[in-house]
Amino acid sequence: MKIGFIGCGNMASAMIGGILRQGIFSKDEIIVSNLTEEGRARSEKTLGVVTTLDNNEIVRSAKTVVLAVKPQFYEEVLTEVHDSLTTEHTIIGIAPGKTLAWLEEKAGLPLKVVRFMPNTPAQVGAGMTAVCTNDRVSEDELAEILKITDSFGCTEVIPERLMDAAGAVGGCSPAYVFMFIEAMADAAVSQGMPRKQAYKFASQTVLGSAKMVLKTGRHPGDLKDMVCSPAGTTIEGVRTLEKSGFRSAVFEALTAAAEKGKKL
Ligand SMILES: NC(=O)c1ccc[n+]([C@@H]2O[C@H](COP(=O)([O-])OP(=O)(O)OC[C@H]3O[C@@H](n4cnc5c(N)ncnc54)[C@H](OP(=O)(O)O)[C@@H]3O)[C@@H](O)[C@H]2O)c1
């Protein structure tokens, strides 16, 4: 096996989807574990990879192991697989708050440790993943790891001190964007637009606006100004958003998410 995933829910499935689509590893080179037989059967059916209910089998079969369980189960899982871990392993943590030093300490031996902070748009190959590593990971090994994260979207290698910021602006923010899309669509529906069409307008507009920021490299404020004709409709909406504390609400939401990440 080339890579193992302990836990195979939303995030692991999204990452494995990209890995398979880009041919980084084949189905028989990936092994995943689930907690329940129901989860194992789902992983087998939807991903077609090798599955097990035994976390130690993952560690015995693969030298690169992604911990894709919820943060509160990290310690339990690392204790469970402790005797199967060797210094040849690379452990990849994807949970907020579980630092490189914490992961190495709980693994109980000196090994290569990596942190990913991915997000669910990885499901459609449009993820944004932050990566940091400990000193035992060489440049060549990092290059191999980046092939994995690039398979489900974009990657930025960042210092570990920025992982909580990346968690907020990358990991959590799809939820806020979905809320924004839902709210825009609700408003269009209230103006008489059929709901399906409203979601299409709202989603494509978010996608197109994001592409403009990435492709033009222009300041988002500059791009906003382009839409606001003097005495027009858009600036009325901007005035209303400012009055409702839109920017401040977003600022506070991401700060709260980052601060929570530090405490996990
Ligand atoms: N979702 C996101 O947007 C996102 C973004 C960035 C980072 N993350 C991080 O990704 C990690 C996974 O999140 P998720 O959203 O994918 O969670 P999830 O959908 O709830 O999946 C968790 C998986 O862990 C399995 N599991 C639980 N306990 C286990 C154990 N003791 N041994 C083996 N497998 C076990 C579950 O098995 P069953 O299927 O049998 O229940 C399930 O497949 C978390 O640490 C989260 O913080 C998530």
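In what sense do strand E7 and strand E8 pair, and over how many bridges? Hold that thought for a moment, everyone, and have the structure open while I talk. The answer is that E7, residues 127-133, pairs with E8 in the parallel sense, over five bridges. If you want one pair of residues to look for, take alanine 130, whose bridge partner in E8 is glutamate 156.

Please keep in mind that this is a predicted model. Now let me step back to the whole chain. The protein chain contains 11 helices and eight strands. Its C-alpha trace spans about 70 × 40 × 30 Å along the principal axes. There are 264 residues, and 39% of them count as buried. Among contacts with a separation of 6 or more, 58% come from residues 24 or more positions apart.

Let's go to the sheet. Eight strands form an open sheet, and reading across you meet them in the order E3-E2-E1-E4-E5-E6-E7-E8, with mixed pairing. Why is one side of E3 and of E8 left without a neighbour in the sheet? Strand E3 (50-52) and strand E8 (153-157) stand at the edges and each has a single partner strand, so one side of each has no neighbour there. On average, neighbouring strands of this sheet are turned by 25 degrees against each other, direction ignored.

Now find strand E1, residues 3-6. Ile3 and Phe5 point one way from E1, while Gly4 and Ile6 point the other way, and all are buried. E1 pairs with strand E2, residues 30-33, in the parallel sense over four bridges. E1 also pairs with E4 in the parallel sense, here over three bridges. Phenylalanine 5 is a nice residue to click on: its bridge partner in E2 is valine 32, and in E4 it stands opposite valine 66.

That brings us to E4, residues 64-67. Both of its faces are covered: Thr64 and Val66 on one side, and Val65 and Leu67 on the other, are all buried. Four bridges join E4 to E5, and the two strands run parallel.

Let me follow one of those links. The bridge partner of threonine 64 in E5 is threonine 90. Is threonine 64 buried or exposed? Its relative accessibility is 18%, and the cut-off for buried is under 20%, so threonine 64 counts as buried. Leaving aside neighbours within four places in sequence, threonine 64 is in contact with Lys2, Ile3, Gly4, Thr90 and Ile92.

On the other end of that link, threonine 90 is found in strand E5, residues 90-93. Threonine 90 is buried too, with a relative accessible area of 9%. Its contacts, again leaving aside neighbours within four places in sequence, are Lys63, Thr64, Val65, Lys112, Val114 and Ile145.

For contrast, look at glutamate 139, in helix H6 (residues 139-150). Glutamate 139 counts as exposed, at 67% relative accessibility. Its C-alpha atom is separated by 16 Å from that of threonine 64, and the two residues are 75 apart along the chain.

On to the helices. Helix H7, residues 163-190, lies across strand E6 (112-117) and E7, running at about 35 degrees to E6.

Next, a pair of helices. Two packed helices are described by the angle between their axes and the distance between the axes. For helix H4 (residues 74-81) and helix H5 (residues 100-107), the axes come within 9 Å and cross at roughly 40 degrees. H4 and H5 are therefore oblique to each other. On the H4 side the contact is made by Tyr74, Glu75 and Leu78, and on the H5 side by Trp102, Leu103, Lys106 and Ala107. Those contact residues divide into five nonpolar, no polar and two charged.

Helix H8, residues 195-216, has 22 residues. From its first C-alpha to its last, H8 reaches 31 Å, close to the 32 Å expected at 1.5 Å a residue. Just after H8 comes glycine 217, with a positive phi of about 70 degrees.

I'll finish with one more backbone angle. Most residues other than glycine have a negative phi. Where, then, does alanine 231 sit? Alanine 231 is in the loop between helix H9 (220-227) and helix H10 (233-243). Its phi is near 60 degrees, a positive value in a residue other than glycine. Alanine 231 counts as exposed, at 83% relative accessibility. Thanks for listening!

Note on methods
Residues numbered from 1 in each chain as written. Predicted model: local features only at pLDDT ≥ 70, side-chain atom pairs only at ≥ 80, totals over all residues. Heavy atoms only, no water. Pairing = 2+ DSSP bridges. Axes fitted to C-alpha atoms, helices over the stretch in contact; angles between N-to-C directions. Contact = heavy atoms within 4.5 Å. Parallel < 35°, antiparallel > 145°, perpendicular 65-115°, else oblique. Nonpolar A, V, L, I, M, F, W, Y, C, P; charged D, E, K, R; others polar. Expected span 1.5 Å × (residues − 1). Buried < 20%, exposed > 50% of the residue type's maximum accessible area, 1.4 Å probe, protein only.
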